[in-house]
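The questions below walk through one model, taking pockets, helices and single residues in turn. Each answer closes on the item that was asked for.

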Amino acid sequence: MVIRNLVIALFMLSLMLLTYDSLPYFQFSVYRPISMFPMFLASILLLFTDFRFKKGDVFFLLFVMYSVGHSLIVATNNGDIGSSASHIITLLFGLSMYRVSVYVTEQAKEDPEIIKRIAKSIAIGFIPPLFAGFLQLFDSFFVRNGFSGAFTGLFADKVYLRRIQMLSGEPSWAAIHMLSGGLIMFFLYKQGFRKQLLLLVATMLLMVLSFSAYAYTVLLTALVIYVLVTNKNRGRMLVVLAACALVVVVGVPFLIETFKISGYFTDRFQFNFNQLINNDNSFFIRLVFPAIGFMEFARHPIFGVGGGFYYTEFASLLQQHFSSGLKFSEVYDLVFINPYDATSRNMVSKVFAEEGLIGAILFGGFLVSIFRSCGANSYSKFAFALCIALVMNFDSYAFLDFWLLFGFIRGGGFETEAIRTGMPVRVPVRVKGQIAPVRPIYSEWRRKA
């Protein structure tokens with residue numbers, strides 16, 4: 001019982017630290033979510049519990065073993081142990097975060113107090129970064145002198161001028177937290193945690209006003225995937241998808257023009273592909289780097305180039321096929337100055353490039369098993385769709401939001417009593433005075449928080 005409580009406490013601490021992903025005091029990598037350390041410690045403690053992996057998790061475990069072994073073999077051949085070690089560490093952190101998320105959400109099905117603690121932890125985790133986000137919003141729209149950067153710089157290694165990054169190291173990472181956290185907030189609100197509504201509204205408002213093309217693209221992609229994989233409420237979801245697309249295509253450009261918002265990111269909402277690929281460094285990287293990953297897969301289709309070794313053929317392929325991108329300083333640096341830092345920026349591309357067809361089949365089997373765990377649960381299906389959409393611009397196996405949502409799905413964290421039993425939950429209501437002897441009074445059960 002003591003170990004169980006420690007695991008749960010460490011999980012709650014991770015939720016509180018969810019959005020702190022690039023603290024300036026720890027320089028071990030670019031993406032460094034501080035919350036992965038409590039998760040890793042909790043995963044070690046799980047060894048002393050009765051936790052067991054689910055049936056479909058065998059694909060993930062085989063993938064991890066194959067990836068680690070293959071990476072070490074490649075590292076031995078080319079003498080680069082450092083890249084292999086970095087890859088293995090992030091993979092083990094991902095496995096740890098997944099295990100802990102599954103365990104705690106399983107426990108939450110049996111103990112309503114854990115759900116309450118999750119709601120409180122989410123609130124604690126999001127209130128400070130949302131405050132920072134609205135401070136950045138006020139700075140970006142009205143003051144425009146960068147005063148918010150002094151506060152943001154205490155929690156993020158890199159501060160962006162006139163961008164909404166909350167307390168994250170990148171605006172796109174902030175968007176990831178708002179999307180995944182927003183889904184959990186919505187579920188909690190629908191379960192009766194009414195205080196989550198204000199937090200949810202603030203999160204969604206900030207996400208829209210962040211003018212993050214990545215956030216909008218992920219949300220639209222997730223909605224498309226959700227429509228494709230579910231038969232329930234498909235017509236309603238198509239309407240929601242159309243409304244969201246209209247907001248992005250018409251509403252966002254209108255807001256940018258109305259508020260006179262400036263910045264390189266505003267050009268993305270002119271939807272001019274040629275202009276973006278030739279002038280937008282971020283757009284070029286998000287499109288070309290994954291493409292290079294699939295080129296590497298074409299060269300090494302069975303085994304791939306090895307976990308952590310995407311960079312080995314990156315420079316030659318970029319110079320051969322996409323040399324125009326060398327005018328961007330970040331691309332130039334990755335080709336000639338810091339080649340070891342080159343990554344595919346896309347988890348699907350990363351798996352195919354580094355693990356080949358063998359790794360892709362194993363990881364794909366794991367994804368299929370996760371999808372089957374969704375059942376008829378609409379929350380779980382949307383969480384699955386969101387995870388697939390999120391990795392279009394993210395390739396780290398230490399991706400906390402990704403494993404957190406998958407853990408919620410596998411552990412039944414998005415289930416309700418009605419979903420589990422097929423019957424609505426009803427409990428007697430205590431009333432003062434006499435109670436009619438024949439007709440007891442009932443009402444829908446709601447948790448209060």
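Q: Which residues, leaving aside neighbours within four places in sequence, are in contact with S168?
A: This is a predicted model, and in it S168 is found in the loop between α6 (149-152) and α7. Leaving aside its neighbours within four places in sequence, the residues in contact with S168 are T19, D21, A156, K158, W173, A174 and H177.

Q: Is S168 buried or exposed, and which side chain does its own side chain join in a polar contact?
A: A residue counts as buried under 20% relative accessible area, and S168, at 0% relative accessibility, therefore counts as buried. The side chain of S168 takes part in a polar contact of 2.9 Å, and the partner is the side chain of D21.

Q: At what distance does the side chain of Q136 reach the backbone oxygen of M166?
A: Q136 lies in helix α5 (residues 112-143) and is buried, with a relative accessible area of 3%. Not counting residues up to four places away in sequence, Q136 touches S148, T152, R163, I164, Q165 and M166. Two of these touching residues also appear in closer detail: a polar contact of 2.9 Å joins the side chains of Q136 and T152, and the side chain of Q136 reaches the backbone oxygen of M166 at 2.7 Å.

Q: How many of the 30 residues of α4 are buried?
A: Helix α4 covers residues 81-110, and at 1.5 Å a residue it should span 44 Å, which agrees with end C-alpha atoms that are 44 Å apart. At the N-terminal end, D80 caps α4 through a side-chain oxygen that lies 3.4 Å from the backbone nitrogen of G82. The helix is largely enclosed by the rest of the structure, because the number of its 30 residues that are buried is 21.

Q: Which helices do the buried residues of α8 pack against?
A: The 14 residues of α8 should span 20 Å at 1.5 Å a residue, and the end C-alpha atoms are 20 Å apart, which agrees. The buried residues of α8 are Q196, L199, L200, A202, T203, L206, M207 and L209, while the helix is followed by F211, whose phi is positive, near 55 degrees. The helices that these buried residues pack against are α5, α7, α9 and α10.

Q: Which element gives the most to the lining of the second largest pocket?
A: About 910 Å³ of space lies in the second largest pocket, and of the 29 residues that line this pocket, L183, F186, L223, M237 and F382 are the closest to its centre. The elements that give two or more residues to the lining are α7 (171-190), α8 (196-209), α9 (213-229), α10 (234-258) and α16 (378-390). By class, the lining has 22 nonpolar, 5 polar and 2 charged residues. The element that gives the most, with 6 residues, is α10.

Q: What is the volume of the largest cavity?
A: Rolling a probe the size of a water molecule over the atoms shows where empty space is left. The count comes to 1 cavity of 30 Å³ or more, and the largest cavity is lined by S140, F141, R162, R163, I164, L209, S210, F211, I261 and F265. By class, this lining has 6 nonpolar, 2 polar and 2 charged residues. The volume of the largest cavity is about 40 Å³.

Technical notes
Residues are numbered from 1 along each chain as its sequence is written. This is a predicted model: local features need pLDDT of at least 70, side-chain atom pairs count only at pLDDT 80 or more; totals for chains, interfaces and linings use all residues. Side-chain values use heavy atoms; hydrogens and water are left out. On a 1 Å grid over the protein atoms alone, a cavity is a set of points where a 1.4 Å probe fits but cannot get out, and a pocket is an open set with protein on both sides within 12 Å along at least five of seven lines; lining residues have an atom within 4 Å of a point. Grid points are joined across faces, edges and corners, and a volume is the space filled by probe spheres set on the points. Helices (H or I, at least four residues) and strands (E, at least two) are DSSP runs, numbered from the N terminus. Ala, Val, Leu, Ile, Met, Phe, Trp, Tyr, Cys and Pro count as nonpolar, Asp, Glu, Lys and Arg as charged, and the others, Gly among them, as polar. Buried means under 20% relative accessible area, exposed over 50%, partly exposed in between (1.4 Å probe, protein chains only). A polar contact is a pair of N or O atoms within 3.5 Å; within protein, one must be able to donate a hydrogen and the other to accept it, and residues adjacent in sequence count only if both atoms are side-chain atoms. Contact means heavy atoms within 4.5 Å. The expected span of a helix is 1.5 Å times one less than its number of residues.
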